[in-house]
Amino acid sequence: MKLTLLFKSNKARFVLNIDKPKLLVALLAICGFFFVSGRSTHSPDENIARIQYAKAGLEQQANEVNLLKSSTEQRLTGVMLKLADMQSQIQRLDVLGSRLVERANLNPEEFSFNQIPSMGGPLDSSPVDIQVQDVLLSQMTSMLETIQSKTQELTALESIMLSHHIEQERRLEGKPISSGWLSSYYGIRKDPFSGLPAMHKGLDFAGKEGEPVLATGAGIITWSGARYGYGNLVEIDHGDGLVTRYGHNKELNVKIGDVVTKGQSIAVMGNTGRSTGAHVHYEVIRKGKQQDPLPYVYRKSS
C-alpha cells in the first residue's frame, strides 16, 4: 500500500509517494529538513559582530547626548548669569530713579523705584532640571515687564526733569557780559548827547570792544539786526511775556528763529547806534513794559 503526502514549505514544495512500512523513516527525514531550514543562516561570529555594531552605535549616541547635555547646561549657566546681570541693572535703575525723584522734590508714591517687584506662587518640589526652561522663560518674561515698567517711569521722570531744566534755563539771572562793569543804571539820567534829563530804560555794561555778549536766559531769537537807537540789536523771547534786549553790538552771532541757551554768546560787544563807547545796553521787558534789570542781574541761582 502506498501513501501520498503533499508537503509545502517556504523553501520547497514536493509530493512523496511512499509505502506504509517506510512512513516512519520518511517522517523522520521530513522533520530533519524543517529543522535545518528553520535555523539561522548566519554564523555565531556574524551575530556577535552585529550585536557589537549595534552596541557601538548606542554608545556613540550616548556620547552625543552627553555632549548635548553639557552644552545645554553651559548655555543655561550663561543665560542665568545674564539674568543676574539684568537684575543688577534693574536695581541700579531703581537707585538712580529714586535719587532723581528725591532731587526733583516729587512724590515718591507716584513712582515704584523703591518697591520690590511683586512675586509669589506655591512651592514646587519638582526637580530643578525638569523645569529649568520654564523657570528661565518665566524670569525673562518678568524681567522684560519690569524693564518696560521702569522705562516708562524713567521716561516720565525725564520729561518732568526736562521741564524743570527748561524752567531753570529760562530763569533770567546774571550779567550779559563775562567781563566789564556796570556803567549806567535804569531810570532818569542825564542824556549823554543832549545833556537833558531822560529816561534810561535799561542797564549799560561797559567793556572792551570784541568781548562776548551773553544771553541771560534760554529762549528764541525774535530780533537780530539793526534798530534805530540800539545799533545792532539782539532780542530774545523767554516765554511767559518775558523779553530781553542787547544793544550796540559790533557783530551778531545769531539769527531770528534760533534757540539759545543761558550763557550762550549771542553777539560781540561794540559801539554801534546811539552810543558813546563800547558797551551793552541791556533791557528786560515783561508783558510789553520795561523793567529794571538790576534785580534779575543779581538774582540768586535757584
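Two strands are taken to pair if DSSP finds at least two bridges between them. In this predicted model, strand S8 (residues 219-227) and strand S9 (residues 231-239) meet that criterion, being joined by seven bridges. The two strands run antiparallel, and within the pair Gly225 stands opposite Leu233 of S9. S8 and S9 form a hairpin with three residues between them. Gly229, in the turn of this hairpin, has a positive phi of about 85°.

Strand S9 is also paired with strand S10 (residues 242-252), again in an antiparallel arrangement, through six bridges. Here Val234 has Tyr246 in S10 as its bridge partner. The hairpin formed by S9 and S10 has two residues between the strands, and Asp240 in its turn adopts a positive phi of about 55°. Strand S9 is thus paired with S8 through seven bridges and with S10 through six.

Nine salt bridges are found in a search of the whole structure. One of the salt bridges is formed by Arg245 and Glu235, whose closest N and O atoms are 2.8 Å apart. Because Arg245 lies in strand S10 and Glu235 in strand S9, this pair ties together parts that are 10 residues apart in sequence. Both Arg245 and Glu235 are buried. Through salt bridges that share partners, Arg227, Glu235, Arg245 and Glu283 are joined into one network.

Arg227, a member of that network, is located in strand S8. Its relative accessible area is 24%, and Arg227 is therefore classed as partly exposed, the buried class being limited to values under 20%. When neighbours within four places in sequence are left aside, Arg227 is in contact with Leu233, Glu235 and Arg245. Of these contact partners, Leu233 lies in S9 opposite Gly225, while Glu235 and Arg245 form the salt bridge between S9 and S10 described above. The C-alpha atom of Arg227 is separated by 8.1 Å from that of Gly273, a residue 46 positions away along the chain.

A further group of charged side chains involves Glu173, which is placed in the loop between helix H3 (128-170) and strand S3 (181-184). Glu173 has a relative accessibility of 17% and so counts as buried, since that class covers values under 20%. The side chain of Glu173 forms a salt bridge with that of Arg171, with an N to O distance of 3.2 Å. The side chains of these two residues also make a polar contact, at 3.2 Å. In contrast to the buried Glu173, Arg171 is partly exposed, with a relative accessible area of 23%.

Glu173 forms a salt bridge with Lys262 as well, the closest N and O atoms being 3.4 Å apart. This pair links distant parts of the chain, 89 residues apart: Lys262 is in the loop between strand S11 (259-260) and strand S12 (265-269), and Glu173 is in the loop between H3 and S3. A polar contact of 3.4 Å likewise joins the side chains of Glu173 and Lys262. Lys262 has a relative accessible area of 23% and is therefore partly exposed. The buried Glu173 is accordingly bridged to Arg171 and to Lys262.

Definitions and conventions
Residues numbered from 1 in each chain as written. Predicted model: local features only at pLDDT ≥ 70, side-chain atom pairs only at ≥ 80, totals over all residues. Heavy atoms only, no water. Helix = DSSP H or I, 4+ residues; strand = E, 2+ residues; numbered from the N terminus. Buried < 20%, exposed > 50% of the residue type's maximum accessible area, 1.4 Å probe, protein only. Polar contact = N/O pair within 3.5 Å; in protein donor to acceptor, adjacent residues only side chain to side chain. Salt bridge = Lys/Arg side-chain N within 4 Å of Asp/Glu carboxyl O. Contact = heavy atoms within 4.5 Å.
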